[in-house]
Amino acid sequence: MAYRPLSQHGGSTSHDSIQYESVEFVTYDARFTKGDLSHLQGDIAPPTFAPCGCGPTTFSWRNKMISLTKWLLTLLIGVATAHVAVLINLATSSLVSWKFHTLQALLVQEAQGTSMHGMGVLFLVACNAWCVGIASLLTTFWAPASAGSGIPEIKSTLNGVHVKVWMSMDTLVCKIVGVILSVSGGLPVGKEGPMIHSASIIGAFFSSKRSYQGCGWRPVVFLQEKDVRDLVTCGAAAGVAAAFGAPIGGVLFALEEGASFLSPKLIWRAFFCAMVAACVVFGSSLASFSETASKSSLFAFGKMVDPTVDRASYLPWELVVFMAIGAVGGVLGAIFNQINKCIMYRTQLRQLPLPLKVVYVMGVSVGLSVVWYFLSAFIGTCQTMPPAISTTEKARLVNHLVPFTCPSGQYNDLASLFLAPQDAALKQLLHLQSTLASPPTFTTSSLVAFAFCYFLGTAMVFGSSITSGVFVPCILVGAALGRVAGRWMHSDELNFVNLSTYALVGAAAVMGGVTRMTISLAIILLEATGDLQYALPLMMALMPARWVGNLFSEGLYEVHIHCRRLPFLDWSPPKGAEHMSVTLVMKPEPVSCFGKRERVGTLLAELELHPQQMCWAVVERRYDLHTGQPEKVLEGTIQRNVLVRLLHQKATWNPFSCADHESDRTNVHVLESDHEDAVPLDMSKFSVADRECFVNLEFYVNPSPGLINVEASAAQAYRQFRSLGLSFLCVVSKRGELMGVVTRDEMHALAMGTIPKGSHGSSSSYMAK
């Protein structure tokens, strides 16, 4: 079945095109019906169980094979994610290195008079526009779902929203190519967020085959919906581990920001997947196991302090300063989110025609390239190159200082930040320090100009029609502003101030203010620095950043989720839902449902009438002698993909003239194939005689669906819906009669503060108090 991504055509933000699936649905196996349950009556001895008490011995081998398959898939996801990360790093570093070396050569030729004046800026603008234009064209016309970082899509997928194009191979390829070109094109974007999305797509790809069959045996289902969800979560953890070299931070990120459903097995499997990814990335530069691995393939900050110095890089009273920096980071994060929201949604930028979306991205690229070039020329200052440094790592940083138009033996401090690879610029901010007697490595004006341009440029680009992330840009902005704060405190009496500490705390504050990450971000930064002494400063900065940021706006990912109207459900129900009846949030009448035996024509008409509906209630229609009214007693639910398979296989149909005891033409293998319906239904191929046949649905229903009493509150329905990962909740009376159904649409409307029009006796809107 085809799935349309949001805003694919004309930028529509309606979520009517989203297909929902229950993440906890377990298909009812017809083998455990009627005759097979005869041992419960005492006629047949119950099956024997293994000594461990874990289940029947006949199924122990199958359970072990399923468990082994899941671990092998987890291993493959980690390995594949690591290779994608290495490919992105190598391609990006090669293109960026070539661009900057060519630019510097042209600038030297201009200074010598052997080249026409202005060739440097023309080359920079043309190269950046070419890279960004190709990336935007691919994103806009080939895979629109690859735009942005992909983390809002991952959060929504793991929350229960299923849009197939988010996890397609086209999106993966476009994501990889797009992030390479966008970063190489000089846009203020990061590659870490897209790498997380790419890893999640890899997880979905390896879990796409859910059943296997061989040698004429019956199909064996290895993966259920929750297993696919867990493997996608493992992919997200592996993406962070491969991007930052932080496997523990990757697990915490997947659990804090991504996963909506937790279990000990999921944590352990995500840890294993992240470990594999980090191991493969770390060893990607090895030619043999006897040589030392290089750290260049990992996004590490390097050693922050001299290990021979036995004192902390901060004093106890400075923790108060770090909290103030965190509060400022929260304000800046809220400002960033509001600017990005206004540009992307209030100005209707996402509603532009497709060609204009490409023009916008290329215009931003050209504008930023020109601004950066001339700011480096007019605001940047020429500084004397630092003396020879014995430390190999810092010597490499000195080599990344850009001379630009400065005389020999000098470098331009602002150009060294704008016209250098992002990881090199970050390490310069963290490691290159100056003494009181010498001029600063980076002047305050250059740091403020760099932070302002990167801040505004990232806000203008993120969410547009190009692959982009915010991790590294936010860290760069925070590091520059943190260095400014440390410089302001640098005086004769306060010569102990460590600029590296302030830069690191500033990076955490801005990043936490934008994304509202706390635990996972602290661990990622700790793993990147490799120094545990920074745990307390990072924690003291991240908490105020989150608290203050939440006073003014939502986190960046939540802003995009809500503005795109994705039916994402938070952990807690909205205020006031405890005093609402569940009947106020049920689907409007009439509720479509099926009887235990339905005509093929009725099934076809219902599937065609409701193309977005993924589940139906199955009821037994009978007449109540006491009330004199017909009633519909709930028997279970049936999924759309099961109905499609039943209609494809005529062997499951019964002639309309046969008696009830003859309608036993069931085929349990229908429920044991892959979950996705392979071939869509062609209504024209069903004749009039075919439509008069009927199908016995009671053999294929889920007999224990999610249900709630009609007297329950809306908050109870929300908690049950959210905690179990449901997509369809039946509302029943005490007698088991179906009173209505609740879907994710109604729960999302409740969370947003509105109730769909036409609800049972309710007003058209409900404002949460």
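Start with residues 707-743 of this predicted model, which take in an open sheet of three strands. The strand order is β13-β14-β15, and the pairing is mixed. Colour β13 (707-709) and β15 (738-743) first: these are the edge strands, and each pairs on one side only. Neighbouring strands of this sheet are turned against each other by 30 degrees on average, direction ignored.

Next, select strand β14, residues 728-732. β14 and β15 run antiparallel and are joined by five bridges. Show Phe728 and look across to β15: Thr743 stands opposite.

Stay in this region and show the side chains of Glu711 and Lys734. They form a salt bridge, with the closest N and O atoms 3.9 Å apart. Glu711 sits in the loop between β13 and α23 (714-724), while Lys734 sits in the loop between β14 and β15. The two residues are 23 residues apart, and the pair links distant parts of the chain. Are these two residues buried or exposed? Glu711 is exposed, with a relative accessible area of 60%. Lys734 is exposed too, at 71%.

**The second sheet**

Now select β8 (597-599) and β11 (653-654), the edge strands of another open sheet, where each pairs on one side only. This sheet has three strands in the order β8-β12-β11, with antiparallel pairing. Add helix α20, residues 600-609, which packs on the sheet. The helix touches β8, β11 and β12, and its direction makes about 75 degrees with that of β8.

Then select strand β12, residues 694-696. Three bridges pair β12 with β8 in the antiparallel sense. Within this pairing, Arg599 stands opposite Phe694 in β12.

**Two salt bridges at β8**

The structure holds 12 salt bridges. Side chains of opposite charge can pair when their charged atoms come close.

Keep Arg599 selected and add Glu692. Their side chains meet in a salt bridge, at 2.3 Å from N to O. Glu692 belongs to helix α22 (residues 688-692) and Arg599 to strand β8, so this pair links distant parts of the chain, 93 residues apart. Glu692 counts as partly exposed at 37% relative accessibility. Arg599 also counts as partly exposed, at 30%.

Move to Glu598 and show Arg621 with it. Which strands does this pair tie together? The salt bridge between Arg621 and Glu598 has its closest N and O atoms 3.3 Å apart. Arg621 lies in strand β9 (residues 615-623) and Glu598 in strand β8, so the pair ties together parts that are 23 residues apart in sequence. Glu598 has a relative accessible area of 9% and is buried, because the limit for that class is under 20%.

**A buried threonine**

Select Thr501 in helix α16, residues 499-515. How accessible is Thr501? Its relative accessibility is 0%, so Thr501 counts as buried. To see what Thr501 touches, show Ser313, Tyr314, Phe322 and Tyr534; residues up to four places away in sequence are not counted here.

**A nonpolar patch on the surface**

Switch to a surface view and select Trp61, Met65, Leu68, Leu72 and Leu75. Together they make a nonpolar surface patch of about 480 Å². Leu75 lies in helix α1, which covers residues 60-112. Is Leu75 buried, partly exposed or exposed? With a relative accessible area of 33%, Leu75 is partly exposed.

**The whole chain**

Finally, clear the selection and look at the whole chain. There are 24 helices and 15 strands. Of the 769 residues, 56% are buried. The accessible surface comes to about 32800 Å², and 64% of that surface belongs to carbon and sulfur atoms. Among contacts with a separation of 6 or more, 76% are between residues 24 or more positions apart.

Note on methods
Residues are numbered from 1 along each chain as its sequence is written. This is a predicted model: local features need pLDDT of at least 70, side-chain atom pairs count only at pLDDT 80 or more; totals for chains, interfaces and linings use all residues. Side-chain values use heavy atoms; hydrogens and water are left out. Helices (H or I, at least four residues) and strands (E, at least two) are DSSP runs, numbered from the N terminus. Buried means under 20% relative accessible area, exposed over 50%, partly exposed in between (1.4 Å probe, protein chains only). Contact means heavy atoms within 4.5 Å. Accessible areas come from the Shrake-Rupley method with a 1.4 Å probe; for residues, only the protein chains shown count as cover. Patches are made of residues with over 30% relative accessible area and no salt bridge: like charges are joined within 9 Å, nonpolar side chains (Val, Leu, Ile, Met, Phe, Trp, Tyr) within 5 Å. A salt bridge is a side-chain nitrogen of Lys or Arg within 4 Å of a carboxyl oxygen of Asp or Glu. Two strands pair if DSSP finds at least two bridges between them. Axes are lines fitted to C-alpha atoms, for helices over the stretch in contact, and angles run from 0 to 180 degrees between N-to-C directions.
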